[in-house]
2 protein chains.
Amino acid sequence: MAAQRTILVVEDERAIADAVAARLRAEGFLVHCVGDGPAAVEAARRIRPDAVVLDVMLPGFDGLEVCRRLQAERPVPVLMLTARDDETDLLIGLAVGADDYLTKPFSMRELTARVHALLRRMTKASAGEPPIVLGDLEINRAERRVTRAGVEAHLTPTEFDLLVHLAGRPRTVLPRERLLADVWGWADASGTRTVDSHIKGLRRKLGADLIRTVHGVGYALEVDR
Amino acid sequence: MAAQRTILVVEDERAIADAVAARLRAEGFLVHCVGDGPAAVEAARRIRPDAVVLDVMLPGFDGLEVCRRLQAERPVPVLMLTARDDETDLLIGLAVGADDYLTKPFSMRELTARVHALLRRMTKASAGEPPIVLGDLEINRAERRVTRAGVEAHLTPTEFDLLVHLAGRPRTVLPRERLLADVWGWADASGTRTVDSHIKGLRRKLGADLIRTVHGVGYALEVDR
DNA sequence: GCCGGTCGTGAAGGAAGTGTGGAGATCAAG
DNA sequence: CTTGATCTCCACACTTCCTTCACGACCGGC
């Protein structure tokens with residue numbers, strides 16, 4: 001059986017939002033609605049929708065900015081709703097990570113067709129979130145499991161997030177400040193040994209050879225190509 | 001026989017409401033009655049009826065508005081009761097998501113026939129999905145029954161819905177906020193301990209090994225592929 | 001080889017998250 | 001009205017995790 005998919009609808013006009021939500025629910029989706037940009041980013045972080053239907057015209061910050069932030073946090077397919085037939089919006093939209101678009105006014109039938117297509121393309125392309133495989137290291141983000149050479153390691157939440165960030169750029173040295181900013185969200189990066197502590201944990205659980213220290217700079221994931 | 005079906009009756013005339021409720025109970029349904037629009041929306045959110053019998057003439061806001069809101073939250077078959085033989089009401093009613101209608105006065109026999117038809121259509125629509133089988137766990141959505149290793153467990157409605165959502169993405173970690181949003185329909189992320197409570201119930205009834213806790217994130221259904 | 005700065009490591013205190021039982025509320029049925 | 005079932009929330013105990021500190025080892029420039 002196919003899992004029930006969740007759609008986040010970002011639309012400030014209540015009437016449109018309700019209509020879209022009702023139709024998508026009738027299609028068997030779980031639907032959540034928010035009315036502005038900040039709420040959209042927040043909601044996406046919490047509920048991790050399978051797709052987002054996004055109006056470009058929003059209070060707060062505009063849809064393009066929302067789209068950019070969503071993509072920055074976690075790749076998610078986005079269907080943009082553009083009020084006018086404006087090529088500028090469209091091109092920018094596709095540039096910041098939208099996967100498809102609809103020009104208002106649109107029919108509900110058209111909307112559901114696009115959403116289905118988006119999810120189909122998504123599952124075909126990535127089957128949700130495919131495990132990251134780097135040499136003998138395997139990271140399953142959806143299940144939050146990690147194995148090396150087939151053996152599973154139990155990582156703490158921070159260790160897992162740290163490893164995922166390192167794995168995002170294998171063999172690249174990531175400065176401590178960068179890791180603190182990305183994983184911990186700390187702007188201030190002064191004199192903390194916190195990163196080192198968690199690197200220690202990763203090395204103990206996954207093998208000391210996995211992570212290379214670059215003196216005075218940071219760490220890099222050393223793994224076979 | 002399948003699990004007992006629940007019907008929500010929305011009707012402000014007490015005499016009619018009582019008569020309808022009595023007859024439907026005699027037919028073996030669980031029946032809840034409310035007398036106005038806001039109460040109807042509220043009740044539907046809580047008890048999740050299998051069908052709604054809805055008078056178009058209501059205090060508060062009218063039946064059409066109720067119907068629209070019900071559909072917006074969760075698709076549910078609606079039988080509308082129209083006082084007069086007014087095509088306008090009827091057409092609008094069907095447009096906003098009502099599935100069938102009855103013109104007053106109507107016979108009880110006619111009412112029960114329509115309700116049965118509504119539910120039959122409904123179960124047929126969802127019977128296309130066979131029971132979910134995951135390892136030794138079997139979930140029959142149509143009958144709302146669950147067995148593990150062949151033994152049936154009696155789950156409360158919330159526990160059942162929660163289990164279905166976990167089973168929709170086996171082995172995938174679902175954040176508490178996501179579950180709260182999908183199962184409870186709470187946009188607001190507070191009260192996440194409620195999830196824990198119902199997980200407790202599931203573990204007690206189905207075995208502690210069925211659900212994996214992922215510290216700081218949420219839960220995942222652990223089951224053989 | 002020396003020295004200042006950097007890093008690895010173990011331990012410890014405190015913070016955060018989770019399991020659990022039960023109280024209180026709600027609602028329908030008898 | 002009372003009973004039974006359910007849901008939400010709370011308090012407490014318990015577990016897991018994070019951060020920091022201290023100390024010794026290491027690195028690189030001189």
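Helices (H or I, at least four residues) and strands (E, at least two) are DSSP runs, numbered from the N terminus. By this count, chain A has 8 helices and 12 strands. The model is predicted: local features need pLDDT of at least 70, side-chain atom pairs count only at pLDDT 80 or more, and totals for chains, interfaces and linings use all residues. Residues are numbered from 1 along each chain as its sequence is written, chains are lettered from A and ligands numbered from 1 in the order in which they are written, and side-chain values use heavy atoms, with hydrogens and water left out.

Chain A comprises 225 residues, of which 45% are buried (under 20% relative accessible area; exposed is over 50%, partly exposed in between; 1.4 Å probe, protein chains only). Among its contacts (heavy atoms within 4.5 Å) with a separation of 6 or more, 57% join residues 24 or more positions apart. The cysteines A:Cys67 and A:Cys33 were examined for accessibility. A:Cys67 is buried at 0%; A:Cys33 is partly exposed at 38%. Disulfides (cysteine sulfur atoms within 2.5 Å) number 0 over all chains.

A nonpolar core is a set of buried Ala, Val, Leu, Ile, Met, Phe, Trp, Tyr and Cys residues joined through side-chain atoms within 4.5 Å. The largest such core holds 27 residues. B:Ile139, B:Leu163, B:Leu166 and B:Leu221 have the most contacts inside it. Elements of chain B giving two or more residues include β7 (137-140), α6 (157-168) and β12 (218-221). The largest share, 6 residues, comes from α6(B). Beyond four places in sequence, B:Leu221 contacts residues including B:Leu134, B:Leu163, B:Leu166 and B:Ile211. A second, separate core of 26 residues includes A:Leu134, A:Val146, A:Ile199 and A:Leu210.

Elsewhere in chain B, B:Thr112 sits in helix α5 (residues 108-127). B:Thr112 is buried, at 6% relative accessible area. Leaving out residues up to four places away, B:Thr112 touches B:Arg23, B:Leu24 and B:Glu27.

DNA strand D is surrounded by 22 residues (near means a heavy atom within 4 Å). The closest are A:Thr156, A:Thr158, B:Thr156, B:Thr158 and B:Ser197. Of the strand D atoms within 4 Å of the protein, 84% belong to sugar and phosphate. Helices α6 and α8 of chain A and α6 and α8 of chain B each supply at least two residues of the surface near strand D. Polar side-chain atoms also lie by phosphate oxygens of strand D: B:Thr156 at 2.6 Å and B:Trp184 at 2.9 Å. For A:His198, a side-chain N or O atom is 3.1 Å from a phosphate oxygen of strand D.

Note on methods. Polar contact = N/O pair within 3.5 Å; in protein donor to acceptor, adjacent residues only side chain to side chain.
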